[in-house]
Amino acid sequence: MRPIGTIRSCFSTRNGTPRQPLLVSLARACLVCDPALVPPASLEGLEEYSHCWIVYVFHLNTDIEKLWRKPSQSKLKAKVRVPRLNGERKGVFATRSPHRPCPIGLTVAKVEEIQKDKVRLSGVDLVDGTPVLDIKPYLPYSDSIQGASVPNWVKEDCLLAVASVTFSDTFSSSITSCWKLIEKKSLYSSAEEFRSLITQVLSWDIRSMSQRNKPQDTLNAEIVYHLVLEGLDVSYMIDNESNILVQDVSLPKNLQDFAGR
């Protein structure tokens with residue numbers, strides 16, 4: 001299959017990208033369609049819908065090359081660790097893990113605007129560079145199932161919610177300086193709006209399970225975590241009561257340094 005386009009997202013790396021759609025309303029992206037496959041007329045009428053489904057590829061999976069080219073060597077696991085269950089394993093098809101036999105994702109997003117060969121979206125959970133295979137309008141009368149049931153552990157939204165998000169005294173000056181470097185190409189209209197994005201993203205504990213489950217003797221250490229949004233490195237700390245302090249924002253030396261953190 002050939003992608004119809006590519007996502008330009010506020011999430012520069014996998015780390016920090018929401019685990020589900022619509023959790024971060026300010027999370028923005030632009031689907032840039034391939035003009036060879038998607039003439040502008042193909043998008044006519046999509047603006048009449050509030051939301052759309054997006055079918056895409058988990059292109060940043062670390063095992064994707066082996067999975068597609070050498071399936072027998074991919075060592076795909078039948079069960080995966082679930083963040084909401086603090087690492088307890090469930091069958092991969094009972095989860096939305098990106099590590100699947102066929103690494104195809106399905107998400108929903110709010111349609112903000114259509115601009116020729118571009119679809120502007122919000123509420124996304126897509127990382128920058130994601131290949132998109134298809135988009136379809138969201139239909140409430142058939143896509144929203146009344147009475148649908150889910151396991152109890154799925155309903156526990158508060159498990160990954162943090163207590164508070166605050167900013168250091170020096171953050172304002174840092175974001176003012178950095179904003180001048182990205183404002184022309186940013187998906188956001190102001191530094192204040194970008195700051196609100198940071199607050200929304202960090203309202204959920206985005207750390208990996210291994211980071212959250214550090215041995216007790218290291219919990220009191222002042223560990224600095226990183227989140228890359230719009231190409232800017234946001235550094236923060238989190239205490240034992242799940243209070244987050246956003247320390248600084250700067251241009252990262254190398255995005256690859258933060259991809260796995």
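**Entry 1: salt bridges**

I started with K118 and found it in a salt bridge with D117, the closest N and O atoms being 3.5 Å apart. K118 itself is partly exposed, at a relative accessible area of 29%. A reminder to myself before going on: this is a predicted model.

How many salt bridges does a search of the whole structure find? It finds seven. Side chains of opposite charge can pair when their charged atoms come close.

Next I looked up R207, which forms a salt bridge with D205; here the closest N and O atoms are 2.9 Å apart. I checked the cover on both partners. R207 has a relative accessible area of 12% and is buried. D205 counts as buried too, at 9% relative accessibility. The cut-off I am using for buried is under 20%.

Then I went to E230 and R8, whose side chains meet in a salt bridge at 3.1 Å, N to O. What does this pair tie together? E230 lies in the loop between β10 (225-229) and β11, while R8 is in strand β1, so the salt bridge links parts that are 222 residues apart in sequence. I noted E230 as buried, with 8% relative accessible area, and R8 as partly exposed, at 26% relative accessibility.

**Entry 2: β10 and its turn**

E230 took me to the hairpin. β10 and β11 form it with two residues between them, and E230 in that turn has a positive phi of about 55°. The two strands run antiparallel and are joined by five bridges. I picked out one pair: L229 has L232 in β11 as its bridge partner.

Is β10 enclosed or open? I counted burial to find out: five of its five residues are buried, so the strand is largely enclosed by the rest of the structure. Both faces are covered, with Y225, L227 and L229 buried on one side and H226 and V228 buried on the other.

I looked at V228 separately. This residue lies in strand β10 and is buried, with a relative accessible area of 1%. I also checked V228 against I198: the two are 30 residues apart in sequence and 9.8 Å apart in space, C-alpha to C-alpha.

**Entry 3: strand pairing around β1, β3 and β8**

R8 sent me back to β1. Strand β1 (residues 5-9) runs antiparallel to strand β2 (residues 28-33), with five bridges between them. For I7, I found L31 as the bridge partner in β2.

β1 also has two bridges to strand β8 (residues 131-137), again antiparallel. In that pairing T6 stands opposite P131.

Which strand do five bridges join to β8? I found β3 there, running antiparallel to β8. V55 stands opposite D134 in this pair. So my notes now have β8 joined to β1 by two bridges and to β3 by five.

I followed β3 once more. Strand β3 (residues 51-57) pairs with strand β6 (residues 104-115) over seven bridges, in the antiparallel sense. V57 stands opposite I104 in β6.

**Entry 4: positive phi in two loops**

Most residues other than glycine have a negative phi, and I wrote down two more that do not follow this.

K116 has a phi near 55°, a positive value in a residue other than glycine. I located K116 in the loop between β6 and β7 (118-122). Is K116 buried or exposed? K116 is exposed, with a relative accessible area of 71%.

S242 has a positive phi as well, near 65°, and is again a residue other than glycine. Its place is in the loop between β11 (232-238) and β12 (243-250). I have S242 down as partly exposed, at a relative accessible area of 25%.

**Entry 5: a charged patch**

Last, I looked at surface charge. Which residues form a positive surface patch? I noted K77, K79, R81 and R89. R81 sits in strand β4 (residues 79-81) and counts as partly exposed, at 47% relative accessibility.

Conventions
Residues numbered from 1 in each chain as written. Predicted model: local features only at pLDDT ≥ 70, side-chain atom pairs only at ≥ 80, totals over all residues. Heavy atoms only, no water. Pairing = 2+ DSSP bridges. Helix = DSSP H or I, 4+ residues; strand = E, 2+ residues; numbered from the N terminus. Patch = residues over 30% accessible without salt bridge, like charges linked within 9 Å, V, L, I, M, F, W, Y side chains within 5 Å. Areas by Shrake-Rupley, 256 points an atom, 1.4 Å probe, with all protein chains shown as cover. Salt bridge = Lys/Arg side-chain N within 4 Å of Asp/Glu carboxyl O. Lys, Arg positive; Asp, Glu negative; His and termini not counted. Charge placed at Lys NZ, Arg CZ, Asp CG, Glu CD. Buried < 20%, exposed > 50% of the residue type's maximum accessible area, 1.4 Å probe, protein only.
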